[in-house]
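The following paragraphs lead the reader through one structure, helix by helix and then sheet by sheet. Please keep the sequence and the coordinates at hand while reading.

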Amino acid sequence: MGEDGLVKISEMAALHGISRQALILYDKNDLLKPVRIAENGYRYYSLSQIPRLRMICLLKSMGVPLSQVASFLDSPTTEMMNEVLARRTAEIDAEIERLRTQQADIAQYSENFEHIDTFERAIDIPSIEWLPERKVIFSPYPTNEMDHKTLHLALMDAWGSLIDAGMVPSLGFGSMLRIDAIDGDEPLTGAGSIVFLPRDVPIEGAEVRTIPAGEYAVMYKRAMPYDVEPARRLLAWMREHDLKPAHHVIDRCLLDATFYDDRSTADFCRLAIRIAN
């Protein structure tokens, strides 16, 4: 501190645990201006400015924007303080809700990878699993002559509907194939891409379908969704075991083109066909 009772900028910053640059910023934003600027450019503050800077630092540590801090300091009443704190509390509540939703999305998406090595060892081996009810956004294939690029575009149509609704496809995506078309000359008739809904909420402008809960004939495979041969093999297995299909083929993608390598250049998926009671 100088003999004149003024506090150097470095001392003022150290008192409040902030940087000199922060004080310069507060000066530029008219939050806290030095009482004197020497010819050499050094800034000096008075001891009476400490409470104001203390309040600036306190509100900033709570995440209150500097613009709102300035509004409060222009009219520092208890009513204004209540408004500032209530507004910040509402913002924090919204952020907590956003983070909880994000946490749930991460938990859902991580399930795809928890047992992936075990699933890959079960390729082409049919089994029976109970699966819960799920809802999906359905986007029909634009043509029966599908390829990688056309598949991506069809999927993004359904994907976009989910994004527009403020959600992410954390439960995954895939395709739906019609049972009554699989063994025909046009096996992709009525087929389309699907994106699983992470939460059961209305989706405007999209075709939402329900996949019922129940026992399913399941088979993991390395093939593209428009390759119907794995689905035909699973249906053949069901017939051999006197199991009647009760719903369309659900082809859920677990590992897409992102995970292609020298050993595999096709999606890793789980086929599922509900078994009639």
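A convenient place to enter this predicted model is the end of helix H1, where Gly-17 follows the helix with a positive phi, near 65°. Helix H1 itself spans residues 9-16, and helix H2 spans residues 20-28. After H2 comes another residue with positive phi, Asp-30, for which the angle is near 60°.

How do the two helices meet? Two packed helices are described by the angle between their axes and the distance between the axes. Here the axes of H1 and H2 come within 8 Å and cross at roughly 105°. Because angles of 65 to 115 degrees count as roughly perpendicular, H1 is described as roughly perpendicular to H2. On the H1 side, the contact is made by Ile-9, Ser-10, Met-12 and Ala-13, while H2 contributes Arg-20, Leu-23 and Ile-24. Sorted by class, the residues in this contact of H1 with H2 are five nonpolar, one polar and one charged.

Burial adds to the description of H1. Ile-9, Met-12, Ala-13 and His-16 of H1 are buried. Viewed down the axis of H1, these buried residues fall within an arc of 100°, so they line one face of the helix. Ala-14 and Leu-15, on the other side of H1, are exposed. The cover over the buried residues of H1 includes strand E1 (7-8), H2, strand E3 (43-45) and helix H3 (50-61).

Helix H2 can be read in the same manner. Which of its residues are buried? They are Ala-22, Leu-23, Tyr-26 and Asp-27. Seen down the axis of H2, the buried residues fall within an arc of 145°, so they too line one face of their helix. On the other side of H2, Gln-21 and Lys-28 are exposed. Among the elements that cover the buried residues of H2 are H1, E3, H3 and helix H4 (66-74). Leu-23 thus appears both in the contact of H2 with H1 and among the buried residues of H2.

Strands E1 and E3, named above as part of the cover of H1, belong to an open sheet of three strands. Its order is E1-E3-E2, with antiparallel pairing. E1 and strand E2 (36-37) are the edge strands, each pairing on one side only. E1 and E3 run antiparallel and are joined by two bridges. Lys-8 has Tyr-44 in E3 as its bridge partner.

A further open sheet has eight strands in the order E4-E9-E11-E10-E6-E7-E5-E8, again with antiparallel pairing. At its edges stand strand E4 (127-131) and strand E8 (207-211); each has a single partner strand, so one side of each is left without a neighbour in the sheet. Direction ignored, neighbouring strands of this sheet are turned by 35° against each other on average.

Within the eight-stranded sheet, strand E9 (residues 214-222) and strand E11 (residues 268-275) pair in the antiparallel sense over seven bridges. Met-219 stands opposite Leu-271 in E11. Elsewhere in this sheet, strand E5 (134-140), strand E6 (173-177) and strand E7 (192-196) have a helix lying across them. This is helix H7 (residues 148-164), which runs at about 35° to E7.

Notes. Residues numbered from 1 in each chain as written. Predicted model: local features only at pLDDT ≥ 70, side-chain atom pairs only at ≥ 80, totals over all residues. Heavy atoms only, no water. Axes fitted to C-alpha atoms, helices over the stretch in contact; angles between N-to-C directions. Helix = DSSP H or I, 4+ residues; strand = E, 2+ residues; numbered from the N terminus. Parallel < 35°, antiparallel > 145°, perpendicular 65-115°, else oblique. Contact = heavy atoms within 4.5 Å. Nonpolar A, V, L, I, M, F, W, Y, C, P; charged D, E, K, R; others polar. Buried < 20%, exposed > 50% of the residue type's maximum accessible area, 1.4 Å probe, protein only. Arc of directions from axis to C-beta. Pairing = 2+ DSSP bridges.
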